[in-house]
Amino acid sequence: MAKKKFGADIIVDSLNNHGVNYVFGVPGAKIDRLFERLELPAADQKSPKLIVTRHEQNAAFMAQGFARITRQPGVVIATSGPGVGNLATGLMTATAEGDPVVALGGQVPRKDLYRLTHQSTKSVALFESITKYAVEVQDENNLSEILANAFVAAQDGKKGASFVSIPQDVDDAEMPEGAQALPKAEDPRMGAASLQDIKWLAEQIKAAKLPVILVGQRGSDDESVVALNTLLHETNLPVVETFQGVGAIGRDLEDKAFFGRIGLFRNQVGDRLLKQSDLVITLGYDAIEYEPRNWNAEKNLRIVALDTAAAQIDNNFAPERQLIGNLAETLTYLQAEIAGYEIKPESQAILDQFLAELKAADEPDFQPAPGLNHPLAIIKALQDHVTDDMTVSNDIGSHYIWMARHFRSYKPRHFLLSNGMQTLGVGLPWAMAAALVRPNAKSVSVSGDGGFFYSGQELATAVALGLNIVSIVWNDDHYYDMVKFQEEKKYGSHAGVKLAPIDVVKYAESMGAKGLRVETPDQLNAVLDEAFATEGPVVVDIPVDYSHNIDLAESMVAEIG
């Protein structure tokens, strides 16, 4: 007699067919059969590894971190009502920042969908504006095809999140004999942009005085980065990274091609270089990363966009041409057209000056208060301990500005930052995802004390999983300092930013992790030596001097000309 199959079995088979390795989530009654099948699959059924978290938001962050690193959809599951509601921030962040995530949410039985009943929520309506695809399954026979389309939508064009609402009776439904999940559809293959347009762009580069490449989130996948670095070995084009385009420039090209990163405040070397450019070539850039009104405030830059999807046009971003296609292939064809290209001598002198300024900016420019550490000293110590194969996951806070500007990373998707949404709390969950995906390399999270405690309960999950994570906490005596210093710049004072104190080391120890503290600045490297030599999760509390943070927003390009 054939074994009974339920809707949950079709879901598990669909996940298997799509190559899903991990599923993150929090269980509940409206989706519990699916959790049962994931935790205890049938004898003839395999299952992705289930990672049960302590909060649905963190589960969504972990799925997003998995997606950003692998470029394959991360999967998250939550129950009905508040369960799916808690997914909103993670799915919003994934869609805004181009990370493919498929979220499955429990729902009340179909007969209760329009009643005021326990945990009844119009969840599809909730997610329609923050995902690429939001559908509720009304017939269990359509489960597999809806899931297949959710995976396609998450990965198509500008990647993002999909949401599928699964009523409890669909999860529990007994399927017809012989019911099977659809196989994964082959991903469509995109070719290079128009060869005519590529030849045109090559001529524009040759005629320009100072062409600059601006690399964004979609230009930082492995294939595009390889093609870009090959191109840069053949030319001396300067490159600026967005905060999500980090790692586009290899270590061997740093002193030749890397001209810093742009994001948040318009006062970096990269901002000034773009302002002087007479041809900006954007590569996989998305406006949400760093609005064009910041880096093209004067609306006078000549822009050509290379991307996988058409750009959103605005007053400050109206590309002269858009070359749409596979970025790696487009760059390879472009390389053949401009091999041997050299920047004009007068422009090279400008670039040399900018390179010198970049290096000088990494040197501390004030003496920290007794017992506190200079932000740049922390970054240098981290740089000395982090190898190229390690992943650094950065949370949001003042430390994020310092790290995004000064921490060097030479491999794509090994330094993860949230800039489209600047979502607080991503650091630890992303680091956990990195530790799962890259188990042979230490995973590092960098947070402020505010961001760390947003998702710090997952430290217990990391301990249970035995993940090799070093969590660095920049401790500013319990403030939301990124808000604090901007309030002080605007109003001359701050309000609503003080947090109740928590002992970071004792908190870590209570979770079963190792807790360390840098008591004096001269201990910094020794404490990090111990942390990076520790197996399993370890948390390092580093008191930091943020007294000069208001300077981070000073000397805007628009002000200094």
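This passage describes a buried helix, a loop glycine and an open sheet in a predicted model.

Helix H1, which spans residues 7-17, is largely enclosed by the rest of the structure, because ten of its eleven residues are buried. The buried residues of H1 are Gly-7, Ala-8, Asp-9, Ile-10, Ile-11, Val-12, Asp-13, Ser-14, Leu-15 and Asn-16. After the helix comes Gly-19, for which phi takes a positive value near 70°.

A further glycine, Gly-219, is located in the loop that lies between strand S7 (211-215) and helix H10 (222-234). Gly-219 has a relative accessible area of 0%, and, as this value falls under 20%, the residue is buried. When neighbours within four places in sequence are left aside, the residues in contact with Gly-219 are Ser-224, Val-225, Leu-283, Gly-284 and Leu-327. Between Gly-219 and Ala-154, which are 65 residues apart in sequence, the distance from C-alpha to C-alpha is 18 Å.

An open sheet is formed by six strands with parallel pairing, and their order is S14-S13-S15-S16-S18-S17. The edges are occupied by strand S14 (415-416) and strand S17 (514-517), each of which has a single partner strand, so that one side of each is left without a neighbour in the sheet. Helix H16 (residues 375-385) packs on this sheet, where it touches strand S15 (443-448), strand S16 (469-475) and S18, and the direction of H16 makes about 170° with that of S16. At the S17 edge, the pairing with strand S18 (residues 538-543) is parallel and extends over four bridges, and Leu-516 has Val-540 of S18 as its bridge partner.

Methods
Residues are numbered from 1 along each chain as its sequence is written. This is a predicted model: local features need pLDDT of at least 70, side-chain atom pairs count only at pLDDT 80 or more; totals for chains, interfaces and linings use all residues. Side-chain values use heavy atoms; hydrogens and water are left out. Buried means under 20% relative accessible area, exposed over 50%, partly exposed in between (1.4 Å probe, protein chains only). Helices (H or I, at least four residues) and strands (E, at least two) are DSSP runs, numbered from the N terminus. Contact means heavy atoms within 4.5 Å. Two strands pair if DSSP finds at least two bridges between them. Axes are lines fitted to C-alpha atoms, for helices over the stretch in contact, and angles run from 0 to 180 degrees between N-to-C directions.
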